[in-house]
Amino acid sequence: MLGNVAPTEFDLRFSIFGIPIRVHPLFWVVAAFMGWNPDDLKFTWIWIACVFVSILVHELGHAIMAKIFGWPPQIILYHFGGLAVYQPYSGLTTQRSIIISAAGPMAGFILFGIVWVFRYYSIRFGLWDGFSPQARGYIALAFYDLIFINLYWGLINLAPVLPLDGGHICEDICKSVKRYRGDILALQISMVVAGGLAVYFFSQHMRYAGIMFALFGVFNFQMYQQRNRSW
C-alpha cells in the first residue's frame, strides 16, 4: 500500500536486541523535507534525529512484542515511516495481533513520558544553566520535537485508518465481531475516517498530514473495490 521498500546499496543496516534494522535512504529525505529550515540547518538535523529515534522506538515496540510471541521480526524505516515485519507461523490470535499493533504507540508514549519527566527535572535543577543561550535553544527544540512526535503522532497513529496501527486494531476487531466480510467493514470505517481527517488537516493548513490521509483514503478505496470484486 505504501510503496516499494526493496533493499538498496545505500541502506543503513544494524541491529538492536538481535532485531535486524534497515533504513532506506528515502527515510532521511522525507524526514529532512518535513523539518527543512534553510535559516538554520541545525534545526533540520535535530528534527531528523528526533524522527529517527521516535520511529525506531515505535517499531521496536511492535518488533519486541512479536519476538516475545516467538516470531522473529525485522524493522524497515522508509519514506512513509516504519514497518515491523514478522511471520506468525503459528499461534496468531486476534488478541496477540491487537497487542502487537498497540505495542508501537505504547512504546512511543513511554518515550514521551521519559522525555517529559527528564525535561521537567533537568530544567528544575538547572542542568542546562551552564550552556549558551543558543545551545539551550537547540536543547529546547529537541525536547519539543520528541514530545510532539511521540505524543501527537502516536495519537494520530491510533486513528482507525489502514495501514496505521489503529486501522489494524480496528480490522482485527471487525473480523472478530463480523466474521463474514469484517475486512470490508474495516475498510469502510477507514475510508470515512481518513476522508474526515484529510479535510480537517487541510482546513488547519497542515498540508503534509492532509495529503497523507487523502492518500490513505484513496488506497483504502482501491482495496475496497478489489475485495468487493473478489466476492
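**Helix packing, cysteines and two aromatic residues**

Analyst: With their axes 9 Å apart, helix α2 (residues 41–68) and helix α4 (residues 133–157) pack at an angle of about 40 degrees. The model is predicted, so that local features need pLDDT of at least 70 and side-chain atom pairs count only at pLDDT 80 or more, whereas totals for chains, interfaces and linings use all residues. Residues are numbered from 1 along each chain as its sequence is written, and side-chain values use heavy atoms, with hydrogens and water left out.

User: Why are α2 and α4 called oblique to each other?

Analyst: Angles under 35 degrees count as roughly parallel, over 145 as roughly antiparallel, 65 to 115 as roughly perpendicular and the rest as oblique. The angle of about 40 degrees falls in none of the named ranges, and α2 and α4 are therefore oblique. The angle is taken between N-to-C directions on a scale from 0 to 180 degrees, using lines fitted to C-alpha atoms, for helices over the stretch in contact, and the helices themselves are DSSP runs (H or I, at least four residues; strands are E, at least two) numbered from the N terminus.

User: Which residues make the contact of α2 with α4, and what are they by class?

Analyst: Under the contact rule of heavy atoms within 4.5 Å, the α2 side includes Phe43, Trp47, Cys50 and His58, which meet an α4 set including Tyr138, Leu146, Phe148 and Trp153. By class, this contact has 13 nonpolar, four polar and two charged residues, where Ala, Val, Leu, Ile, Met, Phe, Trp, Tyr, Cys and Pro count as nonpolar, Asp, Glu, Lys and Arg as charged, and the others, Gly among them, as polar.

User: What makes α3 and α4 roughly antiparallel?

Analyst: Helix α3 (residues 94–124) and α4 pack at about 150 degrees, with their axes 9 Å apart, and because that angle is over the antiparallel limit, the pair is classed as roughly antiparallel. Among the residues in this contact, Phe109, Phe112 and Trp116 of α3 meet α4 residues including Phe143, Leu151 and Leu155; the whole set divides into 12 nonpolar, five polar and one charged.

User: How do you know that α5 and α6 are oblique to each other?

Analyst: The axes of helix α5 (residues 165–177) and helix α6 (residues 182–203) come within 7 Å and cross at roughly 140 degrees, an angle that is not over the antiparallel limit and that lies outside the perpendicular range, so the pair is oblique. Cys170, Glu171, Cys174 and Lys175 in α5 meet Gly182, Asp183, Leu185, Ala186 and Ile189 in α6, which gives five nonpolar, one polar and three charged residues.

User: Why is Cys174 said to be in no disulfide?

Analyst: A disulfide is a pair of cysteine sulfur atoms within 2.5 Å, and a search of the whole structure finds zero. For Cys174, the nearest cysteine sulfur, that of Cys170, is 3.9 Å away, so the pair fails the cut-off.

User: What makes Cys174 and Cys50 buried, and Trp28 and Tyr152 partly exposed?

Analyst: Buried means under 20% relative accessible area, exposed over 50%, and partly exposed in between (1.4 Å probe, protein chains only). Cys174 at 7% and Cys50 at 5% therefore count as buried, whereas Trp28 in helix α1 (residues 25–34), with 30%, and Tyr152 in α4, with 45%, are partly exposed. Leaving aside neighbours within four places in sequence, Trp28 is in contact with Leu12, Val23, Ile48 and Phe52.
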